[in-house]
Amino acid sequence: MDGTAVASPGDRGTGAAVRGRSRRPPWQAFLWIAPALAAIGVVYGYSVYRLLIEATHRDGKSVGLGNLRIAIDDPFFRQALGNNLRLLLTLPIIIGIALVVAVLLFEGMRGWRFHRVAVFIPYMLPVTVVGVLFGELLTLHGALNTTLQTLHLNFLVQDWLGNPDWALRSLAGVIIWRELGFGVILFLARLLSLPQNVFDAARVDGAGWFRTHWHVTLPLMRSIIGFYLVIEAITLMSWVFSYVFVMTGGGPGQATQVTETYIYQNAFASDIPWLAAAAATLLLIGVTAVAALFLVVRWGYSRRRAA
Amino acid sequence: MTRLLTTTGRRFAAAALIMLAASACGSSSGGGSSGGGSSAAPSGPVTLTMWYWGNQEAHGLSSFLATSVSKYEALHPNIKINTVLQSTDNLMPNFAAAAKAKKGPDIEYRWGGIWALQDAWDGNLAPISDYIPAAERAHYLNSSEDTWDGKLWSAPWYVQPSFPILYRKDVLARAGIAAAPTTWSQLLSDCSTLRAKGITPIAGGVKDGWFGGWLFSILGSESLTSVDELKQAVVGTKKFTDPDLAEWWTRLGQMISAKCWNDDIGSLDLYQAQQTWVDGKSAMTVTAGTDVRKFVTQVGASKVGVMTMPKYASGVGAGKLGSTSQTLAISSWSPYKQQSADFIMFMHTPAELALFYKDTGALPADNRFDPALIDVPQVKQLYDYSQNGSPYLENFIPTDLDSKANFGGVQLMFAGKATAAQAAATMESDMARIRTIEPDLIDNFKKWTGQQ
Amino acid sequence: MIVERAGRLVRQLVLIAFTLSALLPVYVMLSGSLRTQSDFLNHPLGLPTSPRLNAYHTAINNHFPQWLLNSLILTIASVVITLVFASLAAWGLSRWQFVGRDVLLSLVISLMVIPPVVLVVPLFLLGAELNLIDTRRIVIAIYVGLMMPFSVYMLAAYFRTIPRSLIEAAEIDGATSLQVFLRVVVPLSGAPLITLAVVNALWVWNELLIALVFLQSENSLTLMAGLTGFQSRYNLNIPVVMAGLSIATLPIFALYIFGQRFFMRGLVAGAIKGG
């Protein structure tokens, strides 16, 4: 996905270091590529091939799309998928906060260097560490609630991970807490690369802080926001296993079950590998569709710009 | 190769992938067929791997095993035994993974009943009765729940009286309660009395789920006339919403309404919660029978009483503890099945049985164990209970049903997000789901329980 | 003017609030590891007035050194192999222009969106058939494969920016393509190679799912897989859990101090893989 950020349209023209020598792929090129291709071939190629076999067979017999249908009909799978979608709702929050913090840092608030490092620290922690840590902090008599009580904010006290209505939100909160730093750094880098006179002009106009950024900064950041949006969307759809596995194991009830834990549990706890394979196939189709949609939209966007 | 390279890039990539996949397939089937070696008795050095669990509920099990293994290795210099303690959360996934890999332990720990047999049905266990003589097996306790198709599949190791309530006489006395509750209405009223004094009546933790299965077994057995009702509900000739099968949810709801449980039950793990009882924060808690000596020692023998769940009905489990044994099985892929069985039998010799109790405080699942060795009155009480126990329900339902309906349902009930009726209905629909998804499991279950 | 100053004050406070919320949990982790259980439970935000290292002793006596070693071995081995394979492939893709090259490259890039959980079941079956479960070899192989698309992509993008004149000059001197690669391309690519190493190292260090599935015996676990079981075993002793978390985090902070420049760039680039 890095294509959007680093290798944007520009690098197409520069081409290879040495180009135009031969239209035929020289056998040498294959030798150079072979080791990497072998690794990719086994881990991705063979796996996807084998996955499709497992997803369409049961006890060695082909069942066509039967397994997929069972997975789609399975209320637990639907619940898990629904939770992934609900997690997507946090996207505007992450992006909004990251933008505000990035702009504040950019404006050189007092001690901004320190703040920049501080805001980035959560992103340096391994997800497992974050999960275990918040698992302890968010218990009913844990550090968060104890602190809230000391501050006489008792109405905010919650059984953060034990209450099914709150568990997914708490999980989302922890994800935001960790992922925020990345967005801030990304946005800050973009802000620093913008021509400064844009802001000066707006300030001379006498526009307020909010209006300046809404009308001037935000449009200039569109592409980087889009990039971050896609990354976080993919994260929330298919990279939250560690958070859920460590913090709630999918509970209470099925309140925080996600597709990844559903696949893992069916494969290794419930011991129904074909159901796990079927769900994995559906997830694969889903992320491929999202990525393809993104590419199509981007392609259309760049063509419109070129036109 | 060169011809391939002259095709277009796309086809080139696709072809390369397919070739890789094909070669991987070839090598994989080769590896698979060479895997199933024979098990001729070797006279050379033998290394047995044993995966176990239980130090969590029978503190000291690890040190017992260390001693017992070193004794055994001294007696049999050609045998080496590696023991690996598994964590609670990774136990079932690790076994499932090992079974798929046909690699891992020779000797593996199993909870009783269906927890062992599901693996036997999947072909992961060797019939242990082929390696342990009948005369020896006759001494093992509760082996009937691990028997299927005329064979024993996992050998009882130690008894798990399931599950006693421990109460603190000193804490009850603080609330002016002279005797521990024995009937349901006493229990509920004692809950109110304790609450009024600011004392948590019973400590539990459901975050990791397991306690849901305990509550199902403890409360659910009181209203069943026999465990057959439960088996019928599994195969579909009865329903989990039928009064006998659903009443326990209602009773759990009554306990919740009477504020019998700690407020943070949803955010604590099972063992975490028990510790709060030791710290004197609650009057009662439910523990593993195997853990009782540890808790009694921690709190002081004079302060602790042990009892069964107060009765609300007079069914098969009312006023009793579930009788089940934690077991040791032999992997179907182990090349050293007889050697594994020999070590298991070694742990049933009198000296080892005595050592087992001494180190763990848990009762070995063997009628040759001398009860005179029991040094704590509360454990003696458990021993007496276990002489006249009832079937332990959790061992008679598919494990997937347990972890979905019981673990999840109990969590939701405690969070106030499901009523008793809803929880029962969910259990029934979860069971219907399993019957659709895993018909083989149900077929084996029928064979096992004779519910054809 | 007053409005503007008030606005600035509010913004400063907002920033401080975010900084605090980012730092407090980390502070609780570090200070909790140095205090007693009861002290922690009563005042979770309190200072470690009389710091104790008992929790670290307990953690270290519990497989932690072994897990640390396992994580290091897996990280170093898979990162080095990935770097070698990826730079070879990236050079192969940059040096020779051939039909379908861009298709191949974009095919490889598109693999980045596939989450590992999708691959776990088939890879596990394969590993089982090859009798490789619970070995470092298979975990390294999987990590190498998973990191490869991004690594090839990133290096190929960089290699294309190497001025053509440098390469042609070397070729005129009669250098083979291997010599060009070793004497011109690699020396010029120090920064991207280090950045890539950092990205990949962080990813492997933090990876949980593959480690959980493929490594089973206590002695072969990585730090992250070990921590999940460690948590359930020590949830009665919060300082020990916090000490374990701190130990798992320290190598990352060390990496940060050693190479802040590459680290920042690496983390930003690394997220692109979804890690």
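In this predicted model, helix α9 (residues 210-223) of chain B and helix α11 (residues 243-257) of chain B have axes that come within 8 Å and cross at roughly 120°. Angles of 65 to 115 degrees count as roughly perpendicular and those over 145 as roughly antiparallel, and α9(B) and α11(B) are therefore oblique to each other. The crossing in which α9(B) passes α11(B) is right-handed. On the α9(B) side, the meeting residues are Leu215(B), Phe216(B), Leu219(B), Gly220(B) and Ser223(B). Their counterparts in α11(B) are Asp244(B), Glu247(B), Trp248(B), Arg251(B) and Leu252(B). By character, the residues of this contact divide into five nonpolar, two polar and three charged.

Following chain B past α11 leads to a residue with a notable backbone angle. Lys259(B) lies in the loop between α11 and α12 (270-278) of chain B. The phi angle of Lys259(B) is near 55°, a positive value in a residue other than glycine. With 16 other C-beta atoms within 10 Å, Lys259(B) is partly exposed: a buried residue would need 20 or more such neighbours, and an exposed one would have 12 or fewer.

Chain B also holds an open sheet of four strands, arranged in the order β9-β10-β8-β11 with mixed pairing. At its edges stand β9 (200-203) and β11 (304-307) of chain B, each of which pairs on one side only. Direction ignored, neighbouring strands of this sheet are turned by 20° against each other on average. Helix α13 (residues 292-299) of chain B packs on the sheet, where it touches β8 and β11 of chain B. The direction of α13 makes about 155° with that of β11(B). As a reminder for reading such a sheet, strands pair through backbone hydrogen bonds, either parallel or antiparallel. Within this one, strand β8 (residues 165-168) of chain B and strand β10 (residues 282-286) of chain B pair in the antiparallel sense over three bridges. For anyone wishing to locate the pairing in the structure, Ile165(B) stands opposite Val286(B) in β10(B).

The approach to β8 in chain B contains a cis peptide bond, which joins Ser162(B) and Phe163(B) with omega at about -15°. Phe163(B) is placed in the loop between β7 (155-162) and β8 of chain B.

Turning to chain A, the secondary structure comes to 15 helices and two strands. Of the 307 residues of this chain, 50% count as buried. Among the contacts in chain A with a separation of 6 or more, 71% are accounted for by residues 24 or more positions apart.

A helix pair in chain A can be described in the same way as the one in chain B. The axes of helix α5 (residues 91-106) of chain A and helix α9 (residues 164-192) of chain A come within 8 Å and cross at roughly 50°. Since angles under 35 degrees count as roughly parallel and those of 65 to 115 as roughly perpendicular, α5(A) and α9(A) are oblique to each other. Their crossing is right-handed. From α5(A), the contributing residues include Ile93(A), Ile94(A), Ile97(A), Leu99(A), Val101(A), Leu105(A) and Phe106(A). From α9(A), those taking part include Ile176(A), Glu179(A), Leu180(A), Gly183(A), Val184(A), Phe187(A) and Leu191(A). The residues of the contact divide into 17 nonpolar, one polar and one charged.

Chain A has a cis peptide bond as well, running from Gly251(A) to Pro252(A) with omega near -5°. Pro252(A) sits in the loop between α13 (241-247) and α14 (259-268) of chain A.

Between chains, 86 residues of chain A are in contact with 85 residues of chain C. Helix α2 (residues 27-55) of chain A supplies the largest share of the side of chain A that touches chain C, with 17 residues. That side divides into 60 nonpolar, 15 polar and 11 charged residues.

Chain C itself offers a further example of positive phi. Asn131(C) has a phi of about 60° although it is not a glycine. This residue is placed in the loop between α6 (116-129) and α7 (136-159) of chain C. Asn131(C) is partly exposed, with 16 other C-beta atoms within 10 Å.

How values were computed
Residues numbered from 1 in each chain as written. Chains lettered and ligands numbered in written order. Predicted model: local features only at pLDDT ≥ 70, side-chain atom pairs only at ≥ 80, totals over all residues. Contact = placed C-beta atoms within 7 Å. Nonpolar A, V, L, I, M, F, W, Y, C, P; charged D, E, K, R; others polar. Axes fitted to C-alpha atoms, helices over the stretch in contact; angles between N-to-C directions. Left-handed = near helix turned anticlockwise from the far one by under 90°. Pairing = 2+ DSSP bridges.
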